[in-house]
Each structure stands twice: as structure tokens, then as C-alpha cells.
Amino acid sequence: MERLEKMKKQIYRCIHCGACRFAYSGEPDKEGIGEHEGTLYEGIVVGCPAGNLHEWEGFYNSGKMWMARAVLEEDLIPDEDMRDIIFQCTTCGSCEAQCENKISTVDVIEALRAALVERGVPLGEKTARLSATVKEMNNPYVEPHAERTSWFKGEKNLDVKTAYFVGCTASYRIKNVAEATERLFRKLGEPLAILEDEVCCGSPLFRTGQMEQATRVMNQNIETFSKFDTVVFSCAGCYRTIKVDYPKLTGKELPFKPVHTLEFVADLMKQGKLKVEKEFKKIVTWHDPCHLTRHVASDLERRRLEESNNWFLDSRAIKKEKEAWYDLPRYVLSQIPGVEFREMYRIKENTWCCGAGGGVKTQYPELAMDSVFERIKEAEATGAEALVTSCPFCWLNFRDGIRDSGSKLELYELIELLDTLID
Ligand code: SF4
Ligand code: SF4
């Protein structure tokens, strides 16, 4: 309950206005899934995957705020029914981005989950198994730790300044992303150290309130990577967890600079050190992974506002800084000859979640698939032939969604695509 108690002020700041149910398309005339066409509210659509599926207040963030308050006041005794509402949330952060009251909604939801765990409410069967698997095997995929780097046949533990945090999904399931990343960085003259001691970043544990195991893997990873200046990440979830959650939990700065592969290549392109010569002649759309784009932008806003003496004036500068962050993938795609880029209906701060995060793909596959089908519809409405994203976990859910919906979209991870275009 300590985490929830700490968030009390924020929880009581919620006026239950319900604005966090919605997202907004900056271009309401765009082809997509706008549900208020021709009305005053054109451009506004539901932004919460859980609320969209269940169509009941409890599943939207505003309902979860009521529950947090009721648990604090002991008006509600947490039980398994409540668990299946609180845990059916992808922690996508759409609600947080919409809240004009600047409530850290994802932190509240995660604190509420941790409170349920502390109160002895049993975790969902698959969520509980995931925790036990990470404890025993250091990954959630029930794979031996010794196999973690089996995708890589080169020299490990290179004596370089930059290491690669591969993540469990790219290490065990979407190995094509790990291979392409290692290969591309080598081609760019930036070889990466691959470390056998890397363990799960803890994202599924942080997101589901299982703090004991989350703390253990965090400490091990900090120790393993502490001798490097920079650590690069493929996975949005690993990146967010290590960049945002680790310092929050330890109260200390990380001993290395965390950089997502997207940032790394964008930076090289801006310096003129990376030029794509080969063409990719396709109509392309981009999916913003929530934990990479929106979460990092929200964290940036929160930190800047905490330091601010004048919210009104500083908000403008923060908005610009966030916009620059959201523009990075668009910039990278603009540097690929032949790409005809088309945006989806909901993008950037208003992006729609792929549905995989927050422990949802493991425990609530119906929600994960409902969310990804919605996004695939939105991508198809642009007329795109290819969907590009920059997270192996989003990639995994899109792969399943494209297969199950019979969509003709081609799916690419950004670094994997660049690797095919650079010799
Ligand atoms: S979290 Fe923010 S947007 Fe959502 S109901 Fe509360 S005050 Fe309104
Ligand atoms: S984090 Fe996403 S899924 Fe969870 S309540 Fe907020 S908008 Fe809904």
C-alpha cells in the first residue's frame, strides 16, 4: 500500500472528467476510424484499449482512479474481480497523455496493482507463472538462460564503450531483430558488446506490481552494464523500464546512457554519418510504440514540470521538446529513398496501442488481439503496403494480428529494414 499511499495527492486530484477516455486526431478528415464524423467532436475517438473492448467505466482510467481512491479509503476490498479489471490495461499511457490535471495515471495503475499483490489477491494464473519463470530462468519465455545469446555467433563481451541490451523478445523469439541490429551497428563502425549476463529487464514485473523480482533483475542488469558508457535498446519496454523505472526505484542516475536504436540511427543520419542509398519503393506507415514514444515524452514532461517555476511559459518549450522526440522516426523514414510516408489517424501522443504491453498479451489475449486488430484497420485505411515500428514486442503482436486478420500489410522493424538497405 506504500506506493499507493505515496500517490494519494495525485489520486485525489482526479476530477473524474473522463477526458482520459479519448484520443484526438490532429487531422479529422483523414481516412481512418473517426467515430464522430460530421459532428462537433469529429477527430475524437476512444483512446483506451481496455475501455474500448469492455465499454464500461471501470476499464477506463477514470474508473480505475475511483477504485484507487476506494481502496485507500477501505471502501473497496481488493479481490479477483477487481484484479481482472485493473490488470486489463496495457499501461499504454494514452490516459496520462490526455489528462490536463497532469496525473501520472500509469504510476497510479501500477501502484494499485502492487497494492493488490500486497493484499494477497492471487495474480492471474499466467501472470503468476511469468513471475516464477523470470525468477527461475531470468526470462518470461521459459527458455534456458544459456540460450539467451545463441543467436549470436561472433565474439561476445567486446572491449567497446557501447553495449546492446537485447531484451528477452529479441533474444528468444524475434531473433531477426537482434541479428539485424548487431549486424547494422557493425556495418556502421559501431560494434556492440553482447553480454551473456543480461537478464530480463523486469518490465512485465514492474507493470504487474511484482516488485521483489523486479528489484532483483534491476540490480543484476545495473551491475552487468555499469562498465559501459552507452547501452542501446531494441525493445520499447526494456528501454522505458531501464530509463524511467530503474532510476525511480533506486533514486539514483543510471551508470550508463540509455539510447534506443531509433535515436542512435537518427543521430547518425543528422550528423551525415549514415546515408541510405538503396530505394524502398513502398507506401509506408509508422506505429509509435507506446513505451518508446509516448511514455518517454510523458516522463520528459513530468520531469521538466517538476523543475519548472512557471508552468505556463515552460509548457511551450516542453511541447516543442516532445514534438522533436515524436518526429524522430518520421525523420528516419524520410531519409529512405522511395518511401511514400502516410500517417495513421491516431499518432504520437494520441497513438493507439498495439495491445501487447502491461502483461496483457500473456494474461488477457482477447484484449491484446482486439487492440492490434483496431490498429491494423487504421494502418490499412492509409493505403499503406508496409507497417514499420521499432519494438520487437509490438512487432510480435502485429505479426499475430496480421496473420489472424488476414491483412496484406507487410511488417518491418525499423532497424531490420535499414539493415536490408545498407551494405
Ligand atoms: S485522470 Fe485526469 S483526465 Fe482522467 S478523469 Fe481524472 S482528471 Fe480527468
Ligand atoms: S494505460 Fe491505456 S489501457 Fe490502461 S487505462 Fe490508460 S488508456 Fe486504458
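Visitor: In what order do the four strands of the open sheet lie, and is their pairing parallel or antiparallel?

Guide: Please keep in mind that this is a predicted model. The order of the four strands is E4-E3-E5-E6, and the pairing is parallel. At the edges lie strand E4 (193-194) and strand E6 (257-260), each of which pairs on one side only.

Visitor: How many bridges join strand E5 to E6?

Guide: Strand E5, residues 230-233, is joined to E6 by four bridges, and the two run parallel. As one example of a bridge partner, Phe233 is matched with His260 in E6.

Visitor: Which strands does helix H13 touch where it packs on the sheet?

Guide: Helix H13, residues 236-250, touches strand E3 (162-165), E5 and E6. The direction of H13 makes about 155° with that of E6.

Visitor: Let us turn to the ligands. How many residues surround ligand 1, and which are the closest?

Guide: Ligand 1 is surrounded by 16 residues, with Cys14, Cys17, Cys20, Ser62 and Cys99 the closest. Two or more residues of this shell come from helix H4 (61-72), and likewise from helix H6 (94-98). H4 gives the most, three residues. By class, the shell around ligand 1 contains nine nonpolar, seven polar and no charged residues.

Visitor: Which residues come nearest to ligand 2, and which helices supply at least two residues of its shell?

Guide: Cys48, Asn61, Cys89, Cys92 and Cys95 come nearest, out of 16 residues around ligand 2. Helix H3 (49-54), H4, H6 and helix H7 (105-118) each supply at least two residues of the shell. H3 has the largest share, with three residues. The shell around ligand 2 divides into seven nonpolar residues, eight polar and one charged.

Visitor: How should one read the sign of phi, and what is the value for Lys102?

Guide: The general idea is that most residues other than glycine have a negative phi. Lys102, however, has a positive phi, near 55°. Lys102 is found in the loop between H6 and H7.

Visitor: Why is Lys102 classed as partly exposed?

Guide: The class rests on a count of neighbours: 12 or fewer other C-beta atoms within 10 Å make a residue exposed, and 20 or more make it buried. Lys102 is partly exposed because it has 14 other C-beta atoms within 10 Å.

Visitor: Is Val142 buried or exposed?

Guide: Val142 is exposed, because 12 other C-beta atoms lie within 10 Å. Val142 is placed in the loop between helix H8 (125-137) and E3. The phi of Val142 is positive, near 55°.

Methods:
Residues numbered from 1 in each chain as written. Chains lettered and ligands numbered in written order. Predicted model: local features only at pLDDT ≥ 70, side-chain atom pairs only at ≥ 80, totals over all residues. Near = placed C-beta within 6 Å. Nonpolar A, V, L, I, M, F, W, Y, C, P; charged D, E, K, R; others polar. Pairing = 2+ DSSP bridges. Contact = placed C-beta atoms within 7 Å. Axes fitted to C-alpha atoms, helices over the stretch in contact; angles between N-to-C directions.
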